[in-house]
Amino acid sequence: MKQKHFYITTPIYYVNAKPHLGTLYSTILGDALARWHKLLGEQVHFLTGTDEHGQKIQEKAQQEGMNPQAFVDSMVPPFKDMWAKYNIEYDTFMRTTNADHQAAVVAWIKKLQDQGDIYKSTYEGWYCVPCETFVNVGAEPVKDAAGAFVCPTCARPLKELEEESYFFKLSAYQDRLLKFYEEHADFITPKERLQEVLAFVRSGLKDLCLSRKTVKWGIPWPGDELHTVYVWGDALNNYITAIGYGTPGREREFATWWPASIHVMAKDIVRFHAVYWPAFLMAAGLGMPKKLLVHGYILVDNQKMSKSKGNAIDPGDLAATYGVDQIRYYLLRQMPITQDGSFTFQDLTEHVNADLANSLGNLLNRTIALAHKYDLKTIAPAAEWDQAAVRLRLKSIEAFRSYRDSMDQGMFHIALADLWRFIGEVNAYFHATEPWKVVAKDREVFVQIISVSCHALRAIGLMLWPIMPKKMEELLVALGTPFELGVAYEPELTKENWDTTFTLTMSGPLFTRIERMENSQPVQPQVPEVQQEALVDIEDFLKVKLVAATITAAEAVEGSKKLLKLQVDFGSQGSRQVLSGIAEWFKPEDVIGKQVLFVANLKPRKMMGLESQGMLLTAKDGKGGVFLVSTNGIVENGTCLS
Ligand code: ME8
């Protein structure tokens, strides 16, 4: 029989931040599904990687004072190291700066251009840099407290753009997309997400900008060096370029793996994958991916966990405290794929202790310890099984079938909850049959009980291998039946007879209990440390005069890309000239009329031959955004902060 092929992908992550628990979660989902299909004997290709172009990365590299290539190169090892720590076994790690990928994207653009799917025009509207997306603010724009337009997805300020761009005729694909969704009701899991996508497409698709003129860090647009390829036109294509699309000589490889079986992602980027990506593929004449598996967000204190909010949890610290497989298990068990899920240390500790150390770990330890105590190293299967054993064997087959159904749907939390019910039944059997008493009366029955427990543990170990590979490999070695990659285990897990001989090895506990730490958490979210040397005395602070003042005029400084020259009304202290390095983020008209905070008593300083008589305060959000700092309401110009 022809072996099935299974191609699974995760998002490729922006390298403006190191991996955190959210990106780890998607990657573990991908790895667990890849391993699940290997367990079923399929050929698997698992793709992950990094998204390295675009405005956000360009700005981040600038902030770090590095050239973009050196910056992205420095950010790849933290991803690869973290995935290695968590035993993520990808087949391809894609970087969008790879030469083959870039060449293939160029070939894709030329094809679309030749067939008339791309035209040149001007974009006038809004852009969200953190999401790297053009935003149609519509009739009811989302605004922040100060009345500025913010992104409906991430709630951060939008930038206004007026830019020449190459456009992709997305609007021409609206009907074909709607027909595709209608004919493939299973395209998106969970179904609620499909409703959102349908509403968006039905509301009318606008053509999509496919190039940026003001962003230099990207794939050069073929035939027009003034433009670079818009980062999503570049990034989405990684799913096909990774398996050979557009690279001469790799056609067979591409035909083997495409279309993808599953694209995994969170709900933030479903529109790109459910609307733009299928349209790009239609334009290229390629097949559609079979499924988008869209999970919710990991929440910390009811907020989406992300680097920009400062509530990101470092998975490296977690692994050191709780163990890699314990975290893999907890994330898949606790986060319902269909909704957001809260991460708490208390809950994590409880699951590790109750599910892993007690229910599963103790079952293995008690079975092996008892067998050793009564000198039973090799356990042959019973010639004839008693009723309780037969009942448990049938339950084991049933447990596998319902586990398989849930795993095939990506419903890990249901699969694991069901499997733990079976583990409970095996524990109940062990208790009820009292092998520690039986051994004195009937050794044959005693051996049968140990054998039943070993068969059940083997089934559990195999089923859980995709979730906790290293721990389950240890469990299977302890039973004397090591895991073999490449074996299709489904027949084994559904067979009508238990016929395995086990050779038990005594080892330490599989999972150790985590001691509860009263009133403290073992690992805290990453909060920047306050450096001792950064502290100042109050007297020193009071020497700095912070003043609210209004910018009355602003203009670019000739010869400088960074500086704006501002005229500022300091009230009773008169008008002053201030030079500020904000020209990359603000146009003169953005700042005129704004009342903001200045350091008013800095020694005057010359820049580009002009004197600056103060310093404008700004806040950087670490994601490339820069904000002016103001008081919570207008005060008289010249008011000193105290
Ligand atoms: O969007 N909970 O990259 P990105 C769950 N480069 N998952 C989370 C999460 C959270 N709190 N935070 C992040 C991009 N994620 C693009 C993708 S694909 C062609 C290009 C995960 O670094 C989740 O999978 O912003 C989400 O979709 C992804 O990280 C966004 O990663």
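**Close-up views of a predicted model**

**View A. Strand β14 (residues 298-300) pairs with β15 in the antiparallel sense.** Two bridges join β14 and β15 in this predicted model. Val300 has Gln303, in β15, as its bridge partner. Strands of a sheet pair through backbone hydrogen bonds, in either the parallel or the antiparallel sense.

**View B. Three strands form an open sheet in the order β15-β14-β16.** The pairing within this sheet is mixed. The edges are occupied by β15 (303-304) and β16 (341-342). Each of these two edge strands has a single partner strand, so one side of each is left without a neighbour in the sheet.

**View C. Strand β1 (residues 5-14) is largely enclosed by the rest of the structure.** Nine of its 10 residues are buried, which means under 20% relative accessible area. β1 pairs in the parallel sense with strand β12 (residues 262-266), over two bridges. In this pairing, Thr9 of β1 stands opposite His263 of β12.

**View D. β1 and strand β2 (residues 43-51) are linked by a right-handed β-α-β crossover.** Eight bridges join β1 and β2, which pair in the parallel sense. Asp51, in β2, is the bridge partner of Tyr14. Between the two strands, the chain passes through helix α1 (residues 21-39).

**View E. Tyr14, Ser26 and Asp51 place N or O atoms close to polar atoms of the ligand.** For Tyr14, a backbone N or O atom lies 3.0 Å from an oxygen atom of the ligand. For Ser26, a polar side-chain atom lies 2.6 Å from a ligand oxygen atom. The contact of Asp51 is with a nitrogen atom of the ligand, which lies 2.7 Å from a polar side-chain atom of this residue. On its own, the ligand has 680 Å² of accessible area, of which the protein covers 94%.

**View F. The shell around the ligand draws on β1, α1 and α7 (231-235), each of which gives two or more residues.** The largest share, four residues, comes from β1. Of the 23 residues around the ligand, those that come nearest are Ile12, Ser26, Asp51, Asp268 and Ile298. By residue class, the shell comprises 13 nonpolar, seven polar and three charged residues.

Methods:
Residues are numbered from 1 along each chain as its sequence is written. This is a predicted model: local features need pLDDT of at least 70, side-chain atom pairs count only at pLDDT 80 or more; totals for chains, interfaces and linings use all residues. Side-chain values use heavy atoms; hydrogens and water are left out. Buried means under 20% relative accessible area, exposed over 50%, partly exposed in between (1.4 Å probe, protein chains only). Two strands pair if DSSP finds at least two bridges between them. A crossover is right-handed if, with the strands pointing away from the viewer, the path from the first strand over the helix to the second runs clockwise. A residue is near a molecule or strand if one of its heavy atoms lies within 4 Å of it. A polar contact is a pair of N or O atoms within 3.5 Å; within protein, one must be able to donate a hydrogen and the other to accept it, and residues adjacent in sequence count only if both atoms are side-chain atoms. Accessible areas come from the Shrake-Rupley method with a 1.4 Å probe; for residues, only the protein chains shown count as cover. Ala, Val, Leu, Ile, Met, Phe, Trp, Tyr, Cys and Pro count as nonpolar, Asp, Glu, Lys and Arg as charged, and the others, Gly among them, as polar.
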